[in-house]
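Work through the exercises below with the structure in view. Try each task before you read its solution.

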Amino acid sequence: MIVERLNDDLGQPAIRHGAALPWVASPQPGVDRLPLYRVGGEHARATSLVRYAPGSRFTAHVHPGGEEFLVLQGTFEDEHGRYPAGTYVRNPPGSRHTPGSAEGCVIFVRLRQFPEHDRQQVVVPALPADGQPLFENTDEKVWLQAIEPGGHWRQANPRGLEVLVLQGWLTLQEQRLHPLSWLRLPPGTQLSGVAGTRGARLWVKDASPDLGF
């Protein structure tokens with residue numbers, strides 16, 4: 001059973017350590033989810049990790065509030081293309097597809113969190129150099145952040161931050177974030193961390209946490 005309200009107070013910091021949490025079966029056989037943030041049932045505003053077993057597929061559906069995802073492992077597919085690990089995709093409100101994976105995959109996905117006026121479809125097939133935006137407009141900026149071993153990272157936070165650890169680890173005060181750890185900070189909350197002995201690589205979003213459908 002999926003939790004219908006999770007980390008739904010956008011005025012509070014939220015952390016989920018994805019690698020330490022159990023997967024939850026979806027209604028579609030072979031597709032499991034690991035919720036990070038959620039408001040709603042099967043048609044929720046949500047941020048999740050999603051795992052597709054080889055050969056699994058969802059039925060066709062529409063994303064009324066948009067869909068944003070990063071392929072972490074394997075290759076994600078739909079009728080519009082194949083998206084290997086490292087691909088970043090934004091499907092705007094009203095977009096439709098039939099997703100699946102022949103070989104299996106894991107994705108990080110955010111649903112129903114686009115402003116209604118954001119109608120730009122984006123596919124970044126190979127992640128750009130660290131520090132270069134994956135996407136940027138007046139509402140938000142999304143990028144990869146690399147931190148050298150033992151390096152300090154301080155990030156201004158005037159409108160809200162969201163972070164997913166991709167590689168290495170990062171210590172924030174007394175919290176250590178490992179790969180698949182997710183963090184959300186409300187506006188004005190200080191972000192200052194130190195990378196581990198192998199450095200860290202992060203997906204980062206700078207945006208108001210109340211953007212969306």
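**Exercise 1. Describe the second largest pocket: its space, its centre and its lining.**

Step 1. About 260 Å³ of space lies in the second largest pocket. A pocket is an open set of points on a 1 Å grid over the protein atoms alone, where a 1.4 Å probe fits, with protein on both sides within 12 Å along at least five of seven lines. Lining residues have an atom within 4 Å of a point. The volume is the space filled by probe spheres set on the points.

Step 2. The lining has 13 residues, and the closest to the centre are Leu172, Gln173, Leu183, Leu185 and Gln190.

Step 3. Strands β2 (14–17), β20 (181–185) and β21 (191–207) each supply at least two lining residues. Strands are DSSP runs (E, at least two residues), numbered from the N terminus.

The model is predicted: local features need pLDDT of at least 70, side-chain atom pairs count only at pLDDT 80 or more, and totals for chains, interfaces and linings use all residues. Residues are numbered from 1 along each chain as its sequence is written, and side-chain values use heavy atoms, with hydrogens and water left out.

**Exercise 2. Do the same for the largest pocket.**

Step 1. The largest pocket holds about 590 Å³ of space.

Step 2. Of its 28 lining residues, Glu42, Phe58, His61, His63 and Leu111 are the closest to the centre.

Step 3. Elements that give two or more residues to this lining include β4 (31–39) and β13 (105–111). β5 gives the most, with four residues.

**Exercise 3. Find the residues at the heart of the largest nonpolar core.**

Step 1. A nonpolar core is a set of buried Ala, Val, Leu, Ile, Met, Phe, Trp, Tyr and Cys residues joined through side-chain atoms within 4.5 Å. Buried means under 20% relative accessible area (1.4 Å probe, protein chains only).

Step 2. This core has 20 residues; Leu72, Tyr88, Phe108, Leu134, Trp182 and Trp203 touch the most other members.

Step 3. β4 gives the most to this core, with three residues.

Step 4. Apart from it lies another core of 16 residues, among them Trp143, Trp153, Leu172 and Leu183.

**Exercise 4. How are Phe108 and Trp203 arranged as an aromatic pair?**

Step 1. Rings of Phe, Tyr and Trp (its six-membered ring) pair if their centres lie within 6.5 Å, and planes over 60 degrees apart count as edge-to-face.

Step 2. Phe108 and Trp203 are edge-to-face, 4.9 Å centre to centre with 70° between the planes.

Step 3. Phe108 lies in strand β13 and Trp203 in strand β21, so the pair ties together parts 95 residues apart in sequence.

Conventions. Buried means under 20% relative accessible area, exposed over 50%, partly exposed in between (1.4 Å probe, protein chains only). Rings of Phe, Tyr and Trp (its six-membered ring) pair if their centres lie within 6.5 Å; planes under 30 degrees apart count as stacked, over 60 as edge-to-face and the rest as tilted.
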